[in-house]
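Let's take a walk through this fold together. Have the sequence and the 3D view side by side, and we'll go element by element.

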Amino acid sequence: MGFFDALLGKRKVAQPAAKDRLFAMSTAHIAMDVDGLRARGRAGIVFQSLGTADFSRVVQEMEEVLHGTGEETGTTVSSQDDSFGYRWMILEDPDVEDLVVGVHAVNDALAIAGYGDRTLAAVFAYEDGSQPLYWIYNIKRGSWYPFVPAGGEQARSNERELQLKARYGGDLPIEPELERWFPLWGVPL
């Protein structure tokens, strides 16, 4: 890392042992569908925005690429900021594999530009009957975990999350440390 990289806020981050564990969702969603968990056709990648021209250019280029490829795949893209100061790049497509590829492209573009440390997670929206649930991919750790909001304000169903861990642990590289299963409240998916 050079002096100017440090001044611009770019830092190198240790990458997960298996960089492409995100792609495990491409096959795991089949087992989920068989079990009645339905993909809602929405996924997002959440990252901390940075007020520099370079960062804005990278984000704009990502959006343009996704809009361009979306014409072929049917994927649409939008972005919004949340109340915590994070930006969500939201992709919509009924094909989970297209969502995985799109999220991976955004993550890769940020990493290549030197902003990999700005990403928080990728999130895939599912539902279990009428109950929303989310599969969260911790990009820095290269692992997945379920997040199931429950009735009430900032309540979650730990029991259901552990059931999902037990059922899909062979399909997805699940985060082994439960204390790292951070809830993402107000997911805009």
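Let's start with a pair of strands: β4 and β5 run antiparallel to each other, joined by 8 bridges. Keep in mind that this is a predicted model. At the turn end of that pair, Asp 128 faces Gln 131 in β5. The hairpin that β4 and β5 make has 2 residues between the strands, and Gly 129 there adopts a positive phi near 70 degrees.

Carry on along the chain and there's another hairpin, this one made by β5 and β6 with 4 residues between them. Gly 142 sits in that turn, again with a positive phi, of about 65 degrees. The two strands are antiparallel and are joined by 5 bridges, and Asn 138 stands opposite Ser 143 in β6. As for β5 itself, 6 of its 8 residues are buried, so this strand is largely enclosed by the rest of the structure.

Now zoom out to the sheet that these strands belong to. It is an open sheet of 6 strands in the order β2-β3-β1-β4-β5-β6, with antiparallel pairing. Which strands stand at the edges? They are β2 (76-81) and β6 (143-147); each has a single partner strand, so one side of each is left without a neighbour in the sheet. Ignoring direction, neighbouring strands are turned by 25 degrees against each other on average. If you want a refresher on what holds such an arrangement together, strands of a sheet pair through backbone hydrogen bonds, either parallel or antiparallel.

Over at the β2 edge, the partner is β3 (residues 86-92), and the two pair in the antiparallel sense over 6 bridges. There you can find Asp 81 opposite Arg 87 in β3. Helix α4 (residues 96-112) packs on the sheet, where it touches β1, β3 and β4, and its direction makes about 5 degrees with that of β1.

Next, have a look at α2, which spans residues 25-34. This helix lies across β1 (37-48), β4 (119-128), β5 (131-138) and β6, and it runs at about 20 degrees to β4. The buried residues of α2 are Met 25, Ser 26, Ala 28, His 29, Ala 31 and Met 32. An α-helix has 3.6 residues a turn, so residues three or four places apart point the same way. What do the buried residues of α2 pack against? The list takes in β1, α4, β4, β5 and β6, plus α5 (158-168). After the helix comes Gly 36, with a positive phi near 95 degrees.

One residue of α2 is worth a stop of its own. Is His 29 buried or exposed? Its relative accessibility is 17%, and because the cut-off for buried is under 20%, His 29 counts as buried. Leaving out residues up to four places away in sequence, His 29 touches Val 96, Glu 97 and Tyr 126.

Let's turn to the pockets. The largest pocket holds about 280 Å³ of space. It is lined by 18 residues, and the closest to its centre are Val 65, Leu 66, Thr 69, Gly 102 and Ala 105. The elements that give two or more residues to this lining are α3 (53-73) and α4, with α3 supplying the largest share, 9 residues. By class, the lining has 10 nonpolar, 5 polar and 3 charged residues.

The second largest pocket takes us back to where we began. It has about 160 Å³ of space, and both β4 and β5 supply at least two residues of its lining. Among the lining residues are Leu 120, Ala 121, Ile 136 and Asn 138, along with Tyr 145 and Phe 182. Lys 140, Arg 141 and Arg 180 line this pocket too. Its lining divides into 6 nonpolar, 1 polar and 3 charged residues.

Finally, the whole chain. It has 5 helices and 8 strands, following the pattern α-α-β-α-β-β-α-β-β-β-β-β-α along the sequence. Of its 189 residues, 42% count as buried. Among contacts between residues at least 6 apart in sequence, 63% join residues at least 24 apart.

Notes:
Residues are numbered from 1 along each chain as its sequence is written. This is a predicted model: local features need pLDDT of at least 70, side-chain atom pairs count only at pLDDT 80 or more; totals for chains, interfaces and linings use all residues. Side-chain values use heavy atoms; hydrogens and water are left out. Buried means under 20% relative accessible area, exposed over 50%, partly exposed in between (1.4 Å probe, protein chains only). Contact means heavy atoms within 4.5 Å. Two strands pair if DSSP finds at least two bridges between them. Axes are lines fitted to C-alpha atoms, for helices over the stretch in contact, and angles run from 0 to 180 degrees between N-to-C directions. On a 1 Å grid over the protein atoms alone, a cavity is a set of points where a 1.4 Å probe fits but cannot get out, and a pocket is an open set with protein on both sides within 12 Å along at least five of seven lines; lining residues have an atom within 4 Å of a point. Grid points are joined across faces, edges and corners, and a volume is the space filled by probe spheres set on the points. Ala, Val, Leu, Ile, Met, Phe, Trp, Tyr, Cys and Pro count as nonpolar, Asp, Glu, Lys and Arg as charged, and the others, Gly among them, as polar.
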